[in-house]
Amino acid sequence: MKTRITLMVAMMTIVLSASAMPFTEARNKAMFLSDKMAYELNLTESQFEAVYEINLDYMLNLDEETDMFGYIWNIRNRDLGMVLSDSQHSQYLASDWFYRPFTMDDDGWTMAVNTRYEEGKYLMEQPDAYLSYKGGHNQMDASFYTDQQFDMPETARLLGQTH
């Protein structure tokens, strides 16, 4: 009997740990990460909206450790490449806390940006998408953001960067 109960508890633990991040947690983590990206990368309002959506889609699809830098991570990077200017994208790639947003430790997944910023402290106002976007723009074949136009920061416009 004890063996059965132990086996059932172990199976439930595996099932629960393999499920995607709950929406509220994903939304909060996406907001925190996007907030820091908006600040450090000097995102415009339209970029901030899109970056939040991209980060939320990524968070909502994290099921296991291999997802952190697997297929959905590649979709996130592709989509961010459509939204950021060349200089912002270069800065993004050079910032491990943005490029690789999670690390694994003994306690589980940790947001890398927490090594630079105190959790729960925001620098920007919430984007409109925080209340309205529920996920789903992370398309497999082509980026949802391909044909969209985003306002660019003044420095990018001066350098002639267009995407």
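## Report on a predicted protein model

Asn42 lies in the loop between helix H2 (23-41) and H3. The structure described in this report is a predicted model, and this loop residue serves as the starting point.

The phi angle of Asn42 is near 60°, which is a positive value in a residue other than glycine. Asn42 follows H2 in the chain. With a relative accessibility of 45%, Asn42 counts as partly exposed, because a residue is called buried under 20% and exposed over 50%. Which residue, 111 residues apart from Asn42 along the chain, has its C-alpha atom 6.7 Å from that of Asn42? The residue is Pro153. Pro153 is placed in the loop between helix H7 (129-132) and helix H8 (154-158). At 6% relative accessibility, Pro153 counts as buried, whereas Asn42 is partly exposed.

### The chain as a whole

The protein chain contains eight helices and two strands. Read from the N terminus, the order of these elements is α-α-α-α-α-α-β-β-α-α. The chain has 163 residues, and buried residues make up 42% of them.

### The helices on either side of Asn42

The two helices that flank the loop of Asn42 are H2 and H3. Helix H2 has 19 residues, and at 1.5 Å a residue these should span 27 Å. The end C-alpha atoms of H2 are 26 Å apart, which agrees with that expectation. Of the 19 residues of H2, 14 are buried, so H2 is largely enclosed by the rest of the structure.

Helix H3 (residues 45-60) can be examined in the same way. Its 16 residues should span 22 Å at 1.5 Å a residue, and the end C-alpha atoms are 23 Å apart, which agrees. Is H3 largely enclosed or largely exposed? Since 14 of the 16 residues of H3 are buried, H3 is largely enclosed by the rest of the structure.

### The internal cavity

Empty space inside a model can be found by calculation. Rolling a probe the size of a water molecule over the atoms shows where empty space is left. In this model the count comes to one cavity of 30 Å³ or more. The largest cavity has a volume of about 50 Å³. Its lining consists of Ile54, Asp57, Tyr58, Ile72, Ile75, Arg76, Asp79, His137 and Asn138. Which elements give two or more residues to this lining? They are H3 and helix H4 (71-83). H4 gives the most, with four residues.

### The two strands

Strand E1 (residues 102-105) and strand E2 (residues 108-111) pair in the antiparallel sense, over four bridges. One bridge joins Asp105 to its partner in E2, Gly108. The connection from E1 to E2 is a hairpin through two residues.

### Aromatic rings

The model has nine aromatic pairs. Two of these pairs are set out in the table.

| Pair | Distance between ring centres | Angle between planes | Arrangement |
|---|---|---|---|
| Trp97 and Phe98 | 6.1 Å | 65° | edge-to-face |
| Phe144 and Tyr145 | 5.0 Å | 80° | edge-to-face |

The label edge-to-face applies to both rows because planes over 60 degrees apart are given that name. The angle is 65° for Trp97 and Phe98, and it is 80° for Phe144 and Tyr145.

The members of each pair can also be described by their accessibility. Trp97 is partly exposed, at 21% relative accessibility, whereas Phe98 is buried, with a relative accessible area of 0%. Phe144 is partly exposed, at 30% relative accessibility, and Tyr145 is buried, with a relative accessible area of 1%.

Aromatic residues also occur in a group: Phe69, Trp73, Tyr92 and Tyr99 form one aromatic cluster.

### Charged groups over rings

Two further contacts involve a basic side chain and a tyrosine ring. The charged end of Arg27 sits over the ring of Tyr130, at 4.3 Å from the ring centre. Lys36 lies over the face of Tyr117, and the distance to the ring centre is 5.6 Å.

### Summary

In this predicted model, H2 and H3 are each largely enclosed by the rest of the structure. Between these two helices lies Asn42, whose phi is positive. The C-alpha atom of Asn42 is separated by 6.7 Å from that of Pro153, a residue in the loop between H7 and H8. H3 also contributes to the lining of the largest cavity, together with H4.

Methods. Residues numbered from 1 in each chain as written. Predicted model: local features only at pLDDT ≥ 70, side-chain atom pairs only at ≥ 80, totals over all residues. Heavy atoms only, no water. Phe/Tyr/Trp six-rings, centres within 6.5 Å; stacked < 30°, edge-to-face > 60°. Buried < 20%, exposed > 50% of the residue type's maximum accessible area, 1.4 Å probe, protein only. Lys NZ or Arg CZ within 6 Å of the ring centre and 35° of its normal. Expected span 1.5 Å × (residues − 1). Pairing = 2+ DSSP bridges. 1 Å grid on protein atoms, 1.4 Å probe; cavity = no way out; pocket = protein on both sides within 12 Å on 5 of 7 lines; lining within 4 Å. Points joined across faces, edges and corners; volume = space filled by probe spheres on them.
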